[in-house]
Amino acid sequence: YDDVGIFYRGMAPVKIKENNWGFVNRSNVIAVIPNLVEKISLRPQQPVYLFQDAENSLYGFVNNDGDVVVAPQYEEAEIFSEGRALVKSDDKAGFIDTTGKTVVALQYDDARSFNNGFAAVTPDGEKWFFIDKNGKQVGKLVFEEVEDFNEAQLASVKQNGKWGILKSDGTLLLPCVYDLITTVTREPFVTFLAKKGTAVGMVLPSGKEFLTEWPKSIFKEESD
């Protein structure tokens, strides 16, 4: 084979020759993908693989029996994450489920894959917020920048040039007053590492700060 991926449930993707791919089992029995395939994701995802059609360059999904379960129709696509795949057409992003059903309409200028139950989306490239797997917006707040939700169901978010911490119910656990803030431990002992001006240290979920001033000389000027 010209290329080979990782075995998953007894099958692995293999490149037979240029633009011809299939799946092989441990007995070397091949299930050939009917489409001419430009490229395919070589790592297993549950339950399907992302591939790009060689004839029209569009993306679809195939299972490891070689059956195309989502016909190539998207200009861009990501692998499935938490049962949802990010797809794009006509410069708009949305999400499909593993059957190919559109579960979040292609309406966003940009989006990120689901992580810990939520996905970050932006309708205009400037205002970001989170949605759940059904497409419902999490809370009413919007942000300049966001980081993905972590396992503690918390996300770093930026408003008016400052960072804070958002909870999964859409409310702020910590206000956006920090130059930087990130979760450094997990439940049940959640704390945050933060920078406010020239002070750096820990912040508790209650908002109590343990920050220490550092010499200004150790921080780069914004102009650098």
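This dialogue discusses sheet pairing, aromatic contacts and charged contacts in a predicted model.

Colleague: In which order do the strands of the open sheet of 4 strands lie, and with what pairing?

Modeller: The place to begin is the order of the strands across the sheet. Here the order is S1-S2-S3-S4, and the pairing is antiparallel. Strand S1 (3-4) and strand S4 (30-32) are the edge strands, each pairing on one side only.

Colleague: How many bridges join S1 to strand S2?

Modeller: There are 2 bridges between S1 and strand S2 (residues 11-17), and these strands run antiparallel. At the level of residues, Val4 has Val14 in S2 as its bridge partner.

Colleague: Let us turn to the aromatic rings. How many aromatic pairs are there, by the rule applied to this model?

Modeller: The count comes to 6 aromatic pairs. One of them joins Phe130 and Phe149, with 4.6 Å centre to centre and 65° between the planes. Planes over 60 degrees apart count as edge-to-face, and the pair of Phe130 and Phe149 is edge-to-face.

Colleague: Where do Phe130 and Phe149 lie, and what does the pair tie together?

Modeller: Phe130 belongs to strand S15 (residues 129-131), whereas Phe149 is in the loop between strand S16 (145-146) and strand S17 (154-159), so the pair ties together parts that are 19 residues apart in sequence.

Colleague: Are Phe130 and Phe149 buried or exposed?

Modeller: Both Phe130 and Phe149 are buried. They also belong to a cluster, in which ring pairs link Phe118, Phe130 and Phe149.

Colleague: Which ring does the charged end of Arg26 sit over?

Modeller: The charged end of Arg26 sits over the ring of Phe7, at 4.2 Å from the ring's centre. Another such case involves Arg112, which lies over the face of Trp128 at 5.4 Å from the ring centre.

Colleague: Next, the salt bridges. How many does the rule count?

Modeller: The count comes to 10 salt bridges. Among them is the contact of Lys92 with Asp109, whose closest N and O atoms are 2.6 Å apart. To read such a contact, one asks where each partner lies. Lys92 is in strand S11 (residues 92-96) and Asp109 is in the loop between strand S12 (102-108) and strand S13 (110-111), so this salt bridge ties together parts that are 17 residues apart in sequence.

Colleague: What relative accessible area do Lys92 and Asp109 have?

Modeller: Lys92 has a relative accessible area of 29% and is partly exposed. Asp109 is also partly exposed, at 33%.

Colleague: Which residue meets Arg112 in a salt bridge?

Modeller: Arg112 meets Asp148, with an N to O distance of 3.3 Å. Asp148 lies in the loop between S16 and S17, and Arg112 in the loop between S13 and strand S14 (119-122), so the pair ties together parts that are 36 residues apart in sequence. Asp148 is partly exposed, with a relative accessible area of 32%, and Arg112 is partly exposed as well, with 27%. Arg112 is thus a residue with two roles to read: the salt bridge with Asp148 and the position over the face of Trp128.

Colleague: Which residues do salt bridges that share partners join into one network?

Modeller: One contact to consider is that of Asp179 and Lys195, whose side chains meet in a salt bridge at 3.8 Å, N to O. Asp179 is in the loop between strand S19 (172-178) and strand S20 (180-183), and Lys195 is in strand S21 (residues 192-196), so that the pair links distant parts of the chain, 16 residues apart. Asp179 is partly exposed, with a relative accessible area of 23%. Salt bridges that share partners join Lys162, Asp179 and Lys195 into one network.

Note on methods
Residues are numbered from 1 along each chain as its sequence is written. This is a predicted model: local features need pLDDT of at least 70, side-chain atom pairs count only at pLDDT 80 or more; totals for chains, interfaces and linings use all residues. Side-chain values use heavy atoms; hydrogens and water are left out. Two strands pair if DSSP finds at least two bridges between them. Rings of Phe, Tyr and Trp (its six-membered ring) pair if their centres lie within 6.5 Å; planes under 30 degrees apart count as stacked, over 60 as edge-to-face and the rest as tilted. Buried means under 20% relative accessible area, exposed over 50%, partly exposed in between (1.4 Å probe, protein chains only). A charge sits over a ring if NZ of Lys or CZ of Arg is within 6 Å of the ring centre and within 35 degrees of the ring normal. A salt bridge is a side-chain nitrogen of Lys or Arg within 4 Å of a carboxyl oxygen of Asp or Glu.
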